[in-house]
Amino acid sequence: LFQLSGDWITGSLLFYFSCSALLSLRGLTRGVILAAEGTGLRQIGLRQNVGLFYFDVDDREVYHLGPDVQLRFSLAGMLQTPAIAGFLIGSGLAATAPWAGNVAAIALLLCFVNLCPFFATDGARVAERLSGVTRQRFRVRSFITKELVRGLVTKTATSEDAGWRFSALTTL
């Protein structure tokens with residue numbers, strides 16, 4: 001991913017700018033969903049994460065909206081990057097242009113990272129919506145950690161959300 005035609009500098013720059021562009025496109029798609037709901041975009045702007053600068057909507061904007069909007073918001077964020085990768089692969093650009101192959105691989109890598117429920121990602125939001133975990137900050141991560149600690153201390157989990165939800169989230 002970091003070498004383009006054998007050059008590390010060009011490959012690294014392509015990686016950085018591709019990640020920024022892909023995440024900005026994801027932010028644009030998520031912003032369109034929020035704007036369509038009529039709530040406006042109060043928290044859109046330049047974000048920084050792991051040294052990447054990109055335009056995105058603040059995730060806190062969606063927490064007060066309905067569950068269906070949250071699900072659309074998260075699914076759009078999750079499906080944006082694999083759709084771009086699929087377009088590059090399906091059109092044949094990934095096979096003919098070395099930069100397009102790298103961008104497709106970077107898009108799939110970003111999609112994989114976005115699925116992780118232990119970070120504040122769209123995958124975590126979808127897992128929260130589908131499992132019905134109670135509302136709290138960093139819900140999926142704290143829920144799994146809480147249940148793991150309880151499992152070490154007691155033989156049975158005492159939480160009302162334990163059981164199939166814990167099994168499904170830890171498997172995910």
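**Note on two helices and two cysteines**

1. Cysteine 111 is buried, since its relative accessible area is 14% and the cut-off for that word is under 20%. Please keep in mind while reading this and the points below that the model is a predicted one.

2. Cysteine 19 is likewise described as buried, with a relative accessible area of 3%. As for bonds between cysteine sulfur atoms, a disulfide would need a pair of them within 2.5 Å, and by this rule the count comes to zero disulfides.

3. Serine 20 has its place in helix α1, which covers residues 8-36, and it is buried, with a relative accessible area of 9%. If the neighbours within four places in sequence are left aside, serine 20 is in contact with Leu52, Phe53 and Tyr54.

4. Helix α2 takes in residues 67-90, a run of 24 residues, and from its first C-alpha to its last it reaches 33 Å, which is close to the 34 Å expected at 1.5 Å a residue. Along this helix there is nevertheless a kink of about 30° at glutamine 80, shortly before proline 82.

5. Which residues of α2 are buried? They are Val69, Gln70, Phe73, Ser74, Ala76, Gly77, Met78, Gln80, Thr81, Ile84, Ala85 and Leu88, so that Gln80, where the kink lies, is also one of the buried residues. When reading such a list, it helps to recall that an α-helix has 3.6 residues a turn, so residues three or four places apart point the same way.

6. After the helix, α2 is followed by glycine 92, whose phi is positive, near 90°.

Note on methods: Residues numbered from 1 in each chain as written. Predicted model: local features only at pLDDT ≥ 70, side-chain atom pairs only at ≥ 80, totals over all residues. Heavy atoms only, no water. Helix = DSSP H or I, 4+ residues; strand = E, 2+ residues; numbered from the N terminus. Buried < 20%, exposed > 50% of the residue type's maximum accessible area, 1.4 Å probe, protein only. Contact = heavy atoms within 4.5 Å. Expected span 1.5 Å × (residues − 1). Bend = angle between axes of the 7 residues up to and from the residue.
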